[in-house]
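Got the viewer open? Here is a short tour, one selection at a time.

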Amino acid sequence: MKEMTQKALNEAFAGESMAHMRYQHFADKAEAEGLGDMARMFRAISFAERVHAGNHLDVLGGIKSTSDNIQTCIDGETFEIVEMYPVYNATAKLQDEDGAVRSTHYALEAEKIHADWYIKAREAVEKGQDVAVGTIQICSVCGHTREGDAPDKCPICGASKDKFRQF
Ligand SMILES: [Fe+2]
Ligand SMILES: [Fe+2]
């Protein structure tokens, strides 16, 4: 692909991805405010942004075989664990930004588990098998990721069992 088009599409992918995410959270907020139809509008338009992001990603050649996709995930999560979040967390600490210290800590802790899971998943998929994973629990406060039953208390943020979402 020509360089300028590729750069433009990468930016469009990033922008649509962020809009998709923002609208999801705006929908939750609208719902909490009792604005059900506004929440629905946010969710619908969020889905359209997901479609746009997916189209850009596809044209960029960013959706490959699952084996290759898992490698992309391992690379991304590893970068976040080894460089990105430790540096972001240190910066936030240096600047006494407590919210950012917390949010980067939560992400860093979860990414460690994500990288580990993806590495195991790669082994299975490369052998032509599906990944052997049971029920997955995600903490809706900090993103802590685990297999099996939800814990009584999140080991990372202390949230109660009912805050876990099952997949
Ligand atoms: Fe992650
Ligand atoms: Fe948590």
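We'll visit a helix and then a metal site.

A bit of housekeeping: this is a predicted model, where local features need pLDDT of at least 70, side-chain atom pairs count only at pLDDT 80 or more, and totals for chains, interfaces and linings use all residues. Residues are numbered from 1 along each chain as its sequence is written, chains are lettered from A and ligands numbered from 1 in the order in which they are written, and side-chain values use heavy atoms, leaving out hydrogens and water.

**Stop 1: helix H2.** Select residues 36-59, which make up helix H2 (helices are DSSP runs of H or I, at least four residues, numbered from the N terminus). Its end C-alpha atoms are 35 Å apart, in agreement with the 34 Å expected for 24 residues (1.5 Å times one less than the number of residues). Now color Ala 39, Ser 46, Glu 49, Ala 53 and His 56: they are buried (under 20% relative accessible area, 1.4 Å probe, protein chains only). Show helix H1 (3-32) too, as it is part of what covers them. After H2, click Gly 61, whose phi is positive, near 75°.

**Stop 2: the iron ion.** Select ligand 1. Which residues coordinate the iron ion? They are Glu 77 (through OE, listed twice), Glu 111 (OE) and His 114 (ND1), at 1.8 to 2.5 Å (donors are N, O and S atoms within 2.8 Å of the metal, or 3.2 Å for Na, K and Ca; water is not among the atoms, so sites may look incomplete). Glu 77 sits in helix H3 (residues 66-94) and Glu 111 in helix H4 (residues 98-126), so this pair ties together parts 34 residues apart in sequence. Finish by checking burial: Glu 77 is buried at 12% relative accessibility, and Glu 111 is buried at 11%.

Key. Helix = DSSP H or I, 4+ residues; strand = E, 2+ residues; numbered from the N terminus. Buried < 20%, exposed > 50% of the residue type's maximum accessible area, 1.4 Å probe, protein only. Contact = heavy atoms within 4.5 Å.
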